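Welcome, and please have the structure open as you read. The report below goes through it topic by topic.

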Amino acid sequence: MISSQFPGEGGLEDAIVNRGMRRTATVQEDWLAWLPEEKDRLFDAILNELNRSYGILSVTLNDAFNLCRQGKLAPAREQARMFAELFDRLGGRLRAILRSLYEHSREFGIFPNTAPLRPGFFRSERGQQVARANNLMAVIRFRARTRFFRKLGALEEIVAGLQREARETARDISDGVSVSWRKQWTRLEVLDYDLNTSLRETTIVLKSFLCVLPSEELPAFRQRVASLSPKSSTSQNRRSAPGIAKVEPACRKTAAHAAPERPALPQNRRGSRERPAVVDNNK
């Protein structure tokens, strides 16, 4: 797990020489910024893979809800088991990206603009608690490297907790030991929502990181991401579809609309004028 405690926090940052990299003033500007072709290609590849994985996860949960409505509890329980496996796989991918950002920044001293997490973007109690602490620490700690590392640590903690709870909840459902199956199914929807929020936050952090990453360090970072990422399964790749991440499960629209708005994730960074709905404290 990424640590949020860093001994001698001031020493490394004070020793880092400004390498003259042009940087924007805010996270919003990072999101709209142009990336060189090689960086943009890597960013698109990572984003597309995450979106496909989440799309499959979302459809799997939607199918499980449909089976429940039809009274087909046995196949619905099997869908819950499948959901937990897909959830864990996507969580592993997100944690690999966060670990790659952490390790590269520690080694090379790359500290991008960082906006703190917002509790209102999460629905689980633990997610809101960690986001609230990160938001508070962003006010207390002013060093760029400290804000960046603490956000990585907070996201990793949230994702790890979501993975653990999804496995436990899905196991209770699939084994038929749930006392209140309606409550457990609703819990899976909340965990799915928070994993999507974590995906969006990770993507925003990655874009800001690529904005300040020197081009000569891109191959090393690409290799680090590849080495830490879980291997994709053949079966999942066969089920992937380019536009699947845009699907919103019909049976969960009411719950999603009632929840707080999460950071926007425009698909076209070259032409879109949308901005990630995050608070930026880097001015």
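What follows is a short report on the fold, the core, the aromatic and charged contacts, and the cavity of this predicted model.

## Overall fold

Let's begin with the secondary structure. The chain has 10 helices and 0 strands, so that, read from the N terminus, the order of elements is simply α-α-α-α-α-α-α-α-α-α. The chain counts 283 residues, and 51% of them are buried.

## The nonpolar core

Which residues touch the most other members of the largest nonpolar core? They are Leu101, Leu152, Trp185, Leu210 and Phe221, out of 64 residues in that core. Two or more residues each come from α2 (27-32), α3, α4, α5, α6, α7 and α8 (218-228). Helix α3 gives the largest share, with 13 residues.

Helix α3 is also where you will find Asp63. With a relative accessible area of 31%, Asp63 is partly exposed, because it falls between the 20% limit for buried and the 50% limit for exposed. The C-alpha atoms of Asp63 and Ala76 are 7.8 Å apart, while in sequence the two residues are separated by 13 residues.

## Aromatic pairs

Across the whole structure, 7 aromatic pairs turn up. One of them joins Phe65 and Trp185: the ring centres are 5.9 Å apart and the planes stand at 70 degrees, so this pair is edge-to-face. Phe65 belongs to helix α3 (residues 37-69) and Trp185 to helix α7 (residues 181-212), and the pair thus links distant parts of the chain, 120 residues apart. Both partners, Phe65 and Trp185, are buried. Trp185 has already appeared above, among the core residues that touch the most other members.

A second pair worth a look is Phe111 with Phe149. Here the centres lie 5.7 Å apart and the planes meet at 85 degrees, so the pair is again edge-to-face. Why does this pair tie together parts that are 38 residues apart in sequence? Because Phe111 lies in the loop between α4 (73-108) and α5, whereas Phe149 is in helix α6. Phe111 is buried at a relative accessible area of 9%, and Phe149 is buried too, at 0%. Ring pairs also gather Phe111 and Phe149 into a cluster with Tyr102 and Phe148.

## Charges over rings

Two contacts between a charged side chain and an aromatic ring deserve a visit. Arg123 lies over the face of Tyr193, 4.9 Å from the centre of the ring. Likewise, Lys207 places its charged end over the ring of Trp31, at 5.6 Å from the centre.

## The cavity

How many cavities of 30 Å³ or more does a search of the whole structure find? The search finds 1, and the volume of the largest cavity is about 60 Å³. Its lining is made up of 10 residues, of which Asn134, Met137, Ala138, Arg147 and Arg150 are the closest to the centre.

Two helices, α5 (125-140) and α6 (144-175), each contribute at least two residues to this lining. By residue class, the lining holds 4 nonpolar, 3 polar and 3 charged residues. If you follow α6 along the model, you can also revisit Phe149, the helix α6 partner of Phe111.

Terms used
Residues numbered from 1 in each chain as written. Predicted model: local features only at pLDDT ≥ 70, side-chain atom pairs only at ≥ 80, totals over all residues. Heavy atoms only, no water. 1 Å grid on protein atoms, 1.4 Å probe; cavity = no way out; pocket = protein on both sides within 12 Å on 5 of 7 lines; lining within 4 Å. Points joined across faces, edges and corners; volume = space filled by probe spheres on them. Helix = DSSP H or I, 4+ residues; strand = E, 2+ residues; numbered from the N terminus. Nonpolar A, V, L, I, M, F, W, Y, C, P; charged D, E, K, R; others polar. Phe/Tyr/Trp six-rings, centres within 6.5 Å; stacked < 30°, edge-to-face > 60°. Buried < 20%, exposed > 50% of the residue type's maximum accessible area, 1.4 Å probe, protein only. Lys NZ or Arg CZ within 6 Å of the ring centre and 35° of its normal. Core = buried A, V, L, I, M, F, W, Y, C linked by side-chain atoms within 4.5 Å.
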